[in-house]
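User: Please take a close look at one part of this model, the strand pairing and the nonpolar core around it. Follow the connections outward from there.

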Amino acid sequence: MRDDVIYTPAGAGVVTSKAGFRIHPVTGKGDFHSGVDLAANLNDRVYNLLDGVVTRVGWRGALGVAVEVYHPYPNIRTICGHLNAYSVVPGQWVKRGQVIGFAGTTGRSTGVHVHYTIVKEDTKQYVEPMSFLAQVPKYVDALKTARAKATQQNNIKRHNDQSSEDKIPEEDLPIDNGEVKAP
Ligand SMILES: [Zn+2]
């Protein structure tokens, strides 16, 4: 994986459903979508895009099989959902470009896709995933500097000092209705 190229965790970056408030196509009601849905084929590799530590894997309600990674720089978590399988374990350090799972349609999903959510570690606010992806090469570049590495190390230390309990309660993750149309 090149440092200067914008990648998405799976597929070619085709968005089938954006993050944010949307009108549910069936119920017609307002609905919050915490992440972005990316078109993928069954068992497409799902990549980790920034160095970090795996914080949670496995079944996660409506998100199905999910992998959550804490990225100490820039202090955010990423969650990939609806996976068919995962290939990492909690506590494992994962590098940029490493395969963390395989695309599927587990959980509340009507078709194969990867749901991608970004959460700020300090405020627990959601970050718009596509704008985050656009920033990733800058973060990778920054991590070549001593200053960013020091921030990364401080955040790792703080993370390790915290309780091993997952800090994002499941109920805080809005339901993904998975209204996915075949691309
Ligand atoms: Zn989704």
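Analyst: In this predicted model, strands β6 and β7 run antiparallel and are joined by six bridges. One of the pairings sets valine 54 opposite its bridge partner in β7, valine 69. The two strands form a hairpin with five residues between them. In that turn, glycine 61 has a positive phi of about 60°.

β6 also pairs with strand β9 (residues 93-94), again antiparallel, through two bridges. Here glycine 52 has valine 94 of β9 as its bridge partner.

The hairpin strands also take part in the largest nonpolar core, a set of 23 residues in which Val67, Cys80 and Val114 touch the most other members. Elements giving two or more residues to this core are β4 (36-39), β6 (52-59), β7 (65-71), β8 (76-86), β10 (99-103) and β11 (113-120). The most comes from β7, with four residues. In general terms, nonpolar side chains tend to be buried together in soluble globular proteins.

Valine 67 shows what such a position looks like in detail. Beyond its neighbours within four places in sequence, valine 67 is in contact with Val54, Val57, Cys80, Leu83, Tyr86, Val88, Ile100 and Gly101. Apart from this core lies another, of five residues, including Leu49, Leu50, Val140 and Leu143.

Val140 leads to the helix. It is one of the buried residues of α1, listed with Pro129 and Phe132. The cover over these buried residues includes β4, β11 and β12 (126-127). α1 (residues 129-142) has 14 residues and spans 19 Å from first to last C-alpha, close to the 20 Å expected at 1.5 Å a residue. The helix nevertheless has a kink of about 35° at glutamine 135, shortly before proline 137.

The loops next to these strands hold some backbone details. Between β7 and β8 lies proline 74, and the peptide bond leading to it from tyrosine 73 is cis, with omega near 15°. The loop between β4 and β5 (45-47) holds asparagine 43, a residue other than glycine whose phi is positive, near 70°. Asparagine 43 is partly exposed, with 14 other C-beta atoms within 10 Å. Lysine 124, in the loop between β11 and β12, likewise is not a glycine and has a positive phi of about 65°. Lysine 124 counts as exposed because it has 12 C-beta neighbours inside 10 Å, and the cut-off for exposed is 12 or fewer.

Methods:
Residues are numbered from 1 along each chain as its sequence is written. This is a predicted model: local features need pLDDT of at least 70, side-chain atom pairs count only at pLDDT 80 or more; totals for chains, interfaces and linings use all residues. A nonpolar core is a set of buried Ala, Val, Leu, Ile, Met, Phe, Trp, Tyr and Cys residues joined through C-beta atoms within 7 Å. A residue is buried if 20 or more other C-beta atoms lie within 10 Å of its own, exposed if 12 or fewer, and partly exposed in between; C-beta atoms are placed from the backbone. Two residues are in contact if their C-beta atoms, placed from the backbone, lie within 7 Å. Two strands pair if DSSP finds at least two bridges between them. The expected span of a helix is 1.5 Å times one less than its number of residues. The bend at a residue is the angle between axes fitted to the seven residues ending there and the seven starting there.
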